[in-house]
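Me: I would like to learn how to read a ligand site, a disulfide and a strand from coordinates. Could we take them in turn, with the general idea before the case?

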Amino acid sequence: CAPGNAPTPAPEPAPPDTRPEGTFTDRWTLQEALQLPADAEKTAQTTMPLITSWPQGAQKTLPDQWVWDTWPLKTEDMQIATVRAADGTPYYVLIHLSVDDSVLPGARHDLATLRYSYSTDGRSWQPGGYLFPEGVVLGSRNWAGSALLKADGSVEVYYTATGERDEGPVQGPSSVLERQQVGDVQGPLTADGQLVPQSGSGFPNEGGIGFEQRIALADGVKAEVVNGRVVFSGTWKHRVILRADGTLYQTVAQSDAGPLYGFRDPWAFRNPADGKRYVLFTGNMGGLKSQQTCQPEDLGDAAFRAGLGALNAEMPLHNGAIGLAVETAPGAWKLLNPLLTARCVNQELERPHLVMKDGQVYLFFSSHIGKFAPYGDLRDRGEEGLYGFVGDSLRGDYAPLNRGGLVLNTPLTQRYQSYSYDVLPGGLTTLFVDVPGIGNQDISVVSTLPPEEQRAVFGGTLGKTLKIDISGRSTALVSELNYGQIIP
Ligand code: FRU
């Protein structure tokens, strides 16, 4: 610059665009995740009670079925919904991933179908049967989602349509999945309880059983109480509302290395701050998995990065994201930037959901020990747990709750006892009993057991609901309630 001229000051960086449709994406950084408590540091604030027994046989949430991911019918504003009988009695509804309990527990994801149950006290549940008893159910199987009861009594079910097989009109009285369960299509199982792959359909990681995940919406029915049962009257209409785009969110074709991608677990709500309808979901960061690298913002601040050891080449294969989409016009949905990503930290941020409290947005999700990236002792710190963050808006600059984001962990002597946590209003947190029967062995032992033992170590039923207190930047486990309890 000319002599005497003051140097031009560097322009102020633009503030991050934290509107819901904005570009800011928060990170669960490696620096934050390494704050997760080590085993010796885990306390009663987060450690769940040991599961020593669980309902069996006819006492299970659904007799004759394995049940795992479960969610209640809710209102758009995130409260538990009730369907009213003519005499005014309120009925609660739960929707479950389910499969006949003759199926090996490890094969359940390949056959999952939606069933529901109902209750007048929010504690004891009556089986309602198939949620979609007939019609065109999308996907060869259905994974987790959410369900809304609207003011006019109509119902929307958001679910994951997984796989392409038979993705057309379903003949007969029941779903594709029913036919698989009762017929011989289920086929031989591999030693680890998975379906033996059939001839390849072109997707990586699967060889015949498609793993492409789309977010689907079913509506067109009303919830009613008829003769003391909740029923859905009308005809379900199913359509895919969201697909991974490859840029913001990884597609199945881009999942070319490492663990399988996700585009699933839609959780629908109306944001009180702007009145718009959104869906949160489990995703991975867009782009070819094998080409991704750990970026400075994934790792932490400059001082932390300066002290980092060598980065394992498998770290960027872990690039979990919590996705967001907005309804732009009735029935039209648009992908937005992820709310939170965890590249080089964690591959699967499952079943994301929100609790609004004291003007803050609490973001919760589940993850597995084995889905943490291999760095130092990160996998030892990670648990089959519930994780959470708090921000002051939907696209907040989220801060991890407690230490590193750990809200609930399984007991150290029984790490695989439960999974798939859902924090409801008031801090009631549902979960399912996974494999408590293997004690402190690694999950990989299950597939080495004879089939009857695989069934015996697995719960496949709702566990006792836990109550957590949520306040500021921390949570605390306060009590254990009844099996499947959703109302205090
Ligand atoms: C969590 C989960 C979900 C998925 C389902 C498939 O338990 O992995 O993300 O919807 O299980 O069974």
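Reply: A polar contact is a pair of N or O atoms within 3.5 Å, and that cut-off is what we apply to the ligand here, bearing in mind that this is a predicted model. A polar side-chain atom of E350 lies 2.5 Å from an oxygen atom of the ligand, while the side chain of D265 brings an N or O atom to 2.6 Å from a ligand oxygen, and for the side chain of D69 the corresponding distance is 2.8 Å.

Me: How much of the ligand's accessible area does the protein cover?

Reply: On its own the ligand has 310 Å² of accessible area, and the protein covers 94% of it. Two or more residues of the surrounding shell come from each of β2 (65-74), β7 (141-149), β11 (264-270) and β20 (418-423). Among the residues around the ligand are W68, L97, H109, W143, R264 and Y419, and by class the shell is made up of 5 nonpolar, 2 polar and 4 charged residues.

Me: Turning to the disulfide, which cysteines does it join?

Reply: A disulfide is recognised as a pair of cysteine sulfur atoms within 2.5 Å. A search of the whole structure finds 1 disulfide, and it joins C294 to C344 with an S to S distance of 2.1 Å. The two cysteines are 50 residues apart and link distant parts of the chain, with C294 in the loop between β12 (277-284) and α3 (296-299), and C344 in the loop between β14 (332-343) and β15 (350-357).

Me: Why is this disulfide called left-handed?

Reply: The handedness is read from the torsion about the S-S bond, which for C294 and C344 is about -100°, so the disulfide is left-handed. As for burial, which means under 20% relative accessible area, C294 counts as buried because its relative accessibility is 18%, and C344 counts as buried because its value is 0%.

Me: Why is strand β5 described as largely enclosed?

Reply: Here one counts buried residues along the strand: 7 of the 7 residues of β5 (residues 113-119) are buried, so β5 is largely enclosed by the rest of the structure. T113, R115, S117 and S119 point one way and L114, Y116 and Y118 the other, and all are buried.

Me: Which strands pair with β5?

Reply: Strand β4 (residues 90-100) pairs with β5 in the antiparallel sense over 7 bridges, and strand β6 (residues 126-130) also runs antiparallel to β5, joined by 4 bridges. S117 illustrates both pairings, standing opposite L94 in β4 and having P127 as its bridge partner in β6. The hairpin of β5 and β6 has 6 residues between the strands, and G122 takes a positive phi near 70° there.

Technical notes: Residues numbered from 1 in each chain as written. Predicted model: local features only at pLDDT ≥ 70, side-chain atom pairs only at ≥ 80, totals over all residues. Heavy atoms only, no water. Near = heavy atom within 4 Å. Polar contact = N/O pair within 3.5 Å; in protein donor to acceptor, adjacent residues only side chain to side chain. Areas by Shrake-Rupley, 256 points an atom, 1.4 Å probe, with all protein chains shown as cover. Nonpolar A, V, L, I, M, F, W, Y, C, P; charged D, E, K, R; others polar. Buried < 20%, exposed > 50% of the residue type's maximum accessible area, 1.4 Å probe, protein only. Pairing = 2+ DSSP bridges.
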